[in-house]
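I am opening a fresh notebook page for this one. Here is the structure, followed by what I looked up in it.

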Amino acid sequence: MDERRLERLRWRSRRGLLELDVVLKEFLDTRYASLTSDEQDAFEKLLTTPDQTLLAYLQGNENPPENELKQLVSKIRN
């Protein structure tokens with residue numbers, strides 16, 4: 001695994017909302033390495049989502065518009 005990419009993702013996962021920080025850090029630390037390269041790319045894309053929208057996705061209040069992101073959010077939530 002590319003350590004520089006992982007460190008960059010850790011930095012980008014630090015958000016303005018504690019709830020997001022906790023969920024994203026836990027996912028990165030425990031499950032990110034097992035993702036396919038396409039899923040890892042989708043995670044990076046997901047991090048471009050504004051905090052409130054991302055929180056709504058992770059809480060199940062909204063669904064991402066793209067199928068690849070829907071599948072990834074489902075993995076993060078479970």
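What covers the buried residues of α3? I looked this up first, keeping in mind that the model is a predicted one. The cover includes α1, α2, α4 and α5. The buried residues themselves are Q40, A42, F43, E44 and L46.

**Entry: Q40**

I stayed in helix α3, where Q40 has its place. Is Q40 buried or exposed? Its relative accessible area is 13%, and the cut-off for buried is under 20%, so Q40 counts as buried. I then listed its contacts, leaving aside neighbours within four places in sequence: R5, Y32, A33 and L35.

**Entry: E44**

Next I turned to E44, which also sits in helix α3. Which residues does E44 touch, apart from neighbours within four places in sequence? I found R5, R8, L9 and R12. With R8 there is a polar contact between the two side chains, at 3.1 Å.

**Entry: helix α1**

Those contacts sent me to α1, which spans residues 3-13. I noted R5, L6, L9 and S13 as its buried residues. Why do they line one face of the helix? Looking down the axis of α1, I see the buried residues fall within an arc of 100°, so one face holds them. On the face turned away from that buried side I found the exposed residues R4 and W11. The cover over the buried residues of α1 includes α2 (18-30) and α3 (37-46).

I also checked the start of α1. There, a side-chain oxygen of D2 comes to within 3.1 Å of the backbone nitrogen of R4.

**Entry: α1 against α2**

How do α1 and α2 pack? Their axes lie 9 Å apart, and the packing angle is about 165°. The two helices are therefore roughly antiparallel to each other. I logged the crossing of α1 past α2 as right-handed. On the α1 side the contact is made by L6, L9, R10 and S13, and on the α2 side by D21, L24, L28 and D29. Looking back at my list for α1, I see that L6, L9 and S13 are buried there.

**Entry: α3 against α5**

I went on to α5, residues 67-77. At what angle do the axes of α3 and α5 cross? I have roughly 90°, with the axes coming within 10 Å. That makes α3 roughly perpendicular to α5. From α3, the residues making the contact are E39, A42, F43, K45 and L46. From α5, they are E68, L69, L72, V73, K75 and I76.

E39 got its own note, as a residue of helix α3. Leaving aside neighbours within four places in sequence, I find E39 in contact with L72 and K75. The side chains of E39 and K75 are joined by a polar contact of 2.5 Å.

**Entry: P50 and G16**

Last, I looked outside the helices. Where is P50 found? It is in the loop between α3 and α4 (51-59). Its relative accessibility is 52%, and over 50% is the cut-off for exposed, so P50 counts as exposed.

I then checked two C-alpha separations involving G16. P50 and G16 are 34 residues apart along the chain, and their C-alpha atoms are separated by 9.8 Å. E39 and G16 are 23 residues apart along the chain, and for that pair the separation is 24 Å.

Methods:
Residues are numbered from 1 along each chain as its sequence is written. This is a predicted model: local features need pLDDT of at least 70, side-chain atom pairs count only at pLDDT 80 or more; totals for chains, interfaces and linings use all residues. Side-chain values use heavy atoms; hydrogens and water are left out. Buried means under 20% relative accessible area, exposed over 50%, partly exposed in between (1.4 Å probe, protein chains only). Helices (H or I, at least four residues) and strands (E, at least two) are DSSP runs, numbered from the N terminus. The arc is that of the directions from the helix axis to the C-beta atoms. Contact means heavy atoms within 4.5 Å. A polar contact is a pair of N or O atoms within 3.5 Å; within protein, one must be able to donate a hydrogen and the other to accept it, and residues adjacent in sequence count only if both atoms are side-chain atoms. Axes are lines fitted to C-alpha atoms, for helices over the stretch in contact, and angles run from 0 to 180 degrees between N-to-C directions. Angles under 35 degrees count as roughly parallel, over 145 as roughly antiparallel, 65 to 115 as roughly perpendicular and the rest as oblique. A crossing is left-handed if the near helix is turned anticlockwise from the far one by less than a right angle, and right-handed if clockwise.
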